[in-house]
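Subject: Structure handover

Hello,

Here is the structure we spoke about. Please have it open while you read the notes below.

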Amino acid sequence: MYEKVLVAFDNSEFSKAALRESSSWVRKHGGSLTLINAVYFDEEEFSIAPDQRERRLEHGRAVCLQTKKALASEFGMEVESLVCEGEASEVIVEIAREKNSDLIAMGTHGRKGLKRLLMGSVTSAVLLHSPVDVLVIRKPCTECTGTYSSILLPFDGSECSTKALQRACQLSGVDGSEIAVLYVIPRYEEMIGFFRTDSIRKGLRDEAEKIIDAAREFASGQGISVKAEIQEGNAGDEIARASSRLRSDLIVMGTYGWRGVNKAIMGSTTERVIANASCPVLAVR
């Protein structure tokens, strides 16, 4: 399914978790793994301390070499590594294109609240510009196994969420995962201040049922049976709660497919889920 996995690696605990998750996946399902270490060094800094550039590049090479030896020892796999200079997000996306990668794996700090706006300097930029699926890991290395038995699929009937459903079905076919489809009824009255009558409430519920039925029908066409539920509230919050309640070990969702959210502000749902969910999130292109 994923044959060429690119792992963003900076030797932090978060990137180590992404590496372990990816290595476990490749060992079980096959494929190749490439480490990418980005070294940023601006011109102003270079003029002050020009020797730091080569030191950082050399440090990146040493970290990658050490990590490759560890992977060879533990997982028995040969791994390619690249150390490149530039903005991390730009380097990751560019190398993914050059290598024809079909998955980018990366860790995240998973910050909440106002700090969530800053967490995206790398993660958000990669999610926004990546040409391929992005797997974001926010859990301890000890819990990284690369297998998924319980998948949560947020679904709103959009093209992006349908692509995510297709990907979830493919994963289910590979690992025999159970899929739970979730539709969240938005609280429009909180956004535009209208009064929700019984007829409006019924109309929203009926629409939700139709959307869920469409998901069931699509999955059935892929030979997959899914569970489904409907919640009401903020999509990002409800997705995170459902993943905890259902003990999901992976959330699969469209990158910016939630209705009413365009590409420029896609983080309102996806990043909220990444910041609050305890399991990995696979953002599907």
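The notes below go through salt bridges, a charged surface patch, one helix and a few loop residues.

Please keep in mind throughout that this is a predicted model.

Salt bridges

The structure holds 19 salt bridges. Side chains of opposite charge can pair when their charged atoms come close. A few of these pairs are described here.

Asp 51 and Arg 55 meet through their side chains in a salt bridge, at 3.2 Å from N to O. Both belong to helix H3 (residues 51-74), and because they are four residues apart, about one helical turn separates them. An α-helix has 3.6 residues a turn, so residues three or four places apart point the same way. Asp 51 is partly exposed, with a relative accessible area of 38%, while Arg 55 is exposed at 52%.

Helix H10 supplies another pair of this kind. Glu 238 forms a salt bridge with Arg 241, and their closest N and O atoms are 2.7 Å apart. The two residues lie three apart in helix H10, about one turn of the helix. Is Glu 238 buried or exposed? Glu 238 has a relative accessibility of 12% and therefore counts as buried, the cut-off being under 20%. Its partner Arg 241 is partly exposed, with a relative accessible area of 46%.

Salt bridges with shared partners also join Glu 54, Glu 58 and Arg 61 into one network. Arg 61 is found in helix H3 and counts as partly exposed, at 38% relative accessibility. Arg 61 also has a contact in space to record: its C-alpha is 6.3 Å from that of Val 83, with the two positions 22 residues apart in sequence numbering.

The side chains of Asp 237 and Arg 272 meet in a salt bridge as well, at 2.6 Å from N to O. This pair links distant parts of the chain, with Asp 237 in helix H10 (residues 235-245) and Arg 272 in helix H11 (residues 267-276), 35 residues apart. Arg 272 is partly exposed, with a relative accessible area of 26%.

After helix H11

Ala 277 is found in the loop between H11 and strand E10 (281-284). Is Ala 277 buried or exposed? Ala 277 counts as buried because its relative accessibility is 1%. The C-alpha atoms of Ala 277 and Gly 236 are 9.2 Å apart in space, although the two residues are 41 apart in sequence.

A patch of negative charge

Which residues gather in a patch of negative charge on the surface? They are Glu 87, Glu 90, Glu 94 and Glu 98. Glu 90 is found in helix H4 (residues 88-98). Glu 90 is exposed, with a relative accessible area of 54%.

Between H4 and strand E4

The loop between H4 and strand E4 (103-107) holds Asn 100. Asn 100 has a positive phi of about 55° although it is not a glycine, and this residue is exposed, with a relative accessible area of 56%. Asp 102 lies in the loop between H4 and E4 too. Asp 102 counts as partly exposed, at 23% relative accessibility. Along the chain Asp 102 and Met 1 are 101 residues apart, yet their C-alpha atoms are separated by 8.8 Å.

Asn 11

Asn 11 is another residue other than glycine with a positive phi, near 75°. Where does Asn 11 lie? Its place is the loop between strand E1 (4-8) and helix H1 (13-29). Asn 11 is partly exposed, with a relative accessible area of 31%.

Helix H7

Helix H7 (residues 159-175) has 17 residues. From its first C-alpha to its last, helix H7 reaches 25 Å, close to the 24 Å expected at 1.5 Å a residue. Buried residues in H7 include Ala 164, Leu 165, Ala 168 and Leu 171. Polar or charged names also appear among the buried residues of H7, including Ser 161, Arg 167 and Asp 175. Just after H7, Gly 176 takes a positive phi of about 70°.

Regards

Note on methods: Residues numbered from 1 in each chain as written. Predicted model: local features only at pLDDT ≥ 70, side-chain atom pairs only at ≥ 80, totals over all residues. Heavy atoms only, no water. Patch = residues over 30% accessible without salt bridge, like charges linked within 9 Å, V, L, I, M, F, W, Y side chains within 5 Å. Areas by Shrake-Rupley, 256 points an atom, 1.4 Å probe, with all protein chains shown as cover. Salt bridge = Lys/Arg side-chain N within 4 Å of Asp/Glu carboxyl O. Lys, Arg positive; Asp, Glu negative; His and termini not counted. Charge placed at Lys NZ, Arg CZ, Asp CG, Glu CD. Buried < 20%, exposed > 50% of the residue type's maximum accessible area, 1.4 Å probe, protein only. Expected span 1.5 Å × (residues − 1).
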